[in-house]
Amino acid sequence: MDHSHHMGMSYMDSNSTMQPSHHHPATSASHSHDGGDSHMMMMPMTFYFGFKNVELLFSGLVINTAGEMAGAFVAVFLLAMFYEGLKIARESLLRKSQVSIRYNSMPVPGPNGTILMETHKTVGQQMLSFPHLLQTVLHIIQVVISYFLMLIFMTYNGYLCIAVAAGAGTGYFLFSWKKAVVVDITEHCH
């Protein structure tokens with residue numbers, strides 16, 4: 001495999017002399033192995049606080065100024081808040097859309113050798129229904145947003161990482177306080 005193009009040289013064929021390869025200034029930073037030019041920025045692997053040449057999710061979305069970073073911070077913060085709100089909204093919709101409630105009774109041993117009847121509620125949902133279709137679409141949106149937030153965090157930009165964490169925390173604070181918490185008082189192992 002010929003790797004001479006990494007040094008600014010290329011071979012025309014096995015009998016020709018070495019000649020400098022032609023590079024465009026915009027694409028000279030990288031050159032793909034299949035012969036085509038590709039644009040690729042080096043991604044930092046440690047946390048940093050900066051706003052110059054910060055690529056955000058898409059190659060055309062590059063942050064270069066403090067104002068752009070502030071705008072990106074607000075957008076990422078709101079996206080993380082929306083993600084938390086979406087999770088709670090899906091839970092709420094699921095509770096509202098549950099159908100076919102069944103009650104099952106079963107005998108359980110009681111005090112002094114008696115038998116008590118304990119009733120359990122079973123809740124189901126139909127697969128081919130609008131609520132299930134809506135849950136499916138919302139699940140897809142939730143998964144895509146969660147991967148976007150993960151990729152934003154993986155830029156290792158401190159400002160964007162703080163925006164993800166602060167937005168998720170704020171969203172949880174604002175949306176989860178109404179969430180019903182069931183506490184089993186018979187459970188002693190936590």
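This talk describes the helices of a predicted model and the residues that pack between them.

Good morning. I shall begin with the overall plan of the chain. The protein chain contains 3 helices and 6 strands. Followed along the sequence, these elements come in the pattern β-β-β-β-α-β-β-α-α. Of the 190 residues in the chain, 20% are buried. If we take the contacts between residues at least 6 apart in sequence, 53% of them join residues at least 24 apart.

Let us turn to helix 1, which is made up of 32 residues. From its first C-alpha to its last, helix 1 reaches 46 Å, close to the 46 Å expected at 1.5 Å a residue. Its buried residues include Met69, Ala72, Val76, Ala80, Met81 and Tyr83. Glu84, Gly85, Leu86, Ile88, Arg90 and Ser97 of helix 1 are buried as well.

Helix 2 has 24 residues, and its reach of 35 Å is close to the 34 Å expected. Here the buried residues are Gln135, Leu138, Gln142, Ile145, Leu149 and Ile152. A general point helps in reading such a list: an α-helix has 3.6 residues a turn, so residues three or four places apart point the same way. The buried residues of helix 2 pack against helix 1 and helix 3.

How do helix 1 and helix 2 lie relative to each other, parallel or antiparallel? Their axes come within 10 Å and cross at roughly 155°. An angle over 145 degrees counts as roughly antiparallel, and helix 1 and helix 2 are therefore roughly antiparallel to each other. The crossing in which helix 1 passes helix 2 is left-handed. On the helix 1 side, the residues that meet helix 2 include Val76, Leu79, Ala80, Phe82, Tyr83 and Leu86. On the helix 2 side, those that meet helix 1 include Leu134, Leu138, Ile141, Ile145 and Leu149.

One residue of this interface merits a closer look. Glutamine 142 sits in helix 2. Is glutamine 142 buried or exposed? Its relative accessible area is 12%, below the 20% limit, so glutamine 142 counts as buried. Beyond its neighbours within four places in sequence, glutamine 142 is in contact with Tyr83, Leu86, Lys87 and Arg90.

We come now to helix 3, residues 158–175, which has 18 residues. Helix 3 reaches 25 Å from its first C-alpha to its last, close to the 26 Å expected. At the start of helix 3, a side-chain oxygen of asparagine 157 comes to within 2.9 Å of the backbone nitrogen of tyrosine 159. The buried residues of helix 3 are Gly158, Leu160, Cys161, Ala163, Val164, Gly167 and Gly171. These buried residues pack against strand 3, helix 1 and helix 2.

Leucine 160 in helix 3 shows this packing in detail. At 0% relative accessibility, leucine 160 counts as buried. Which residues does leucine 160 contact, leaving aside its neighbours within four places in sequence? They are Val54, Leu56, Met69, Ala72, Phe73, Val76, Ile152 and Thr155. Leucine 160 and leucine 56 are 104 residues apart in sequence, and their C-alpha atoms are 9.4 Å apart in space.

Glycine 169, also found in helix 3, is partly exposed, at 40% relative accessibility. Its C-alpha atom is separated by 9.7 Å from that of phenylalanine 77, although the two residues are 92 apart along the chain.

Helix 3 also meets a charged residue type of helix 1. The residue is glutamate 84, whose place is in helix 1. Glutamate 84 is buried, with a relative accessible area of 9%. Leaving aside its neighbours within four places in sequence, glutamate 84 is in contact with Ala168, Gly171, Tyr172 and Phe175.

Finally, I turn to two residues in loops. Leucine 57 is found in the loop between strand 3 and strand 4. Its phi is near 70°, a positive value in a residue other than glycine. With a relative accessible area of 34%, leucine 57 is partly exposed. Tyrosine 156 is placed in the loop between helix 2 and helix 3. Phi of tyrosine 156 is near 65°, again a positive value in a residue other than glycine.

To close, I return to the central pair: helix 1 and helix 2 are roughly antiparallel, and the buried residues of helix 3 pack against both, as well as against strand 3. Thank you for your attention.

Note on methods: Residues numbered from 1 in each chain as written. Predicted model: local features only at pLDDT ≥ 70, side-chain atom pairs only at ≥ 80, totals over all residues. Heavy atoms only, no water. Helix = DSSP H or I, 4+ residues; strand = E, 2+ residues; numbered from the N terminus. Expected span 1.5 Å × (residues − 1). Buried < 20%, exposed > 50% of the residue type's maximum accessible area, 1.4 Å probe, protein only. Contact = heavy atoms within 4.5 Å. Polar contact = N/O pair within 3.5 Å; in protein donor to acceptor, adjacent residues only side chain to side chain. Axes fitted to C-alpha atoms, helices over the stretch in contact; angles between N-to-C directions. Parallel < 35°, antiparallel > 145°, perpendicular 65-115°, else oblique. Left-handed = near helix turned anticlockwise from the far one by under 90°.
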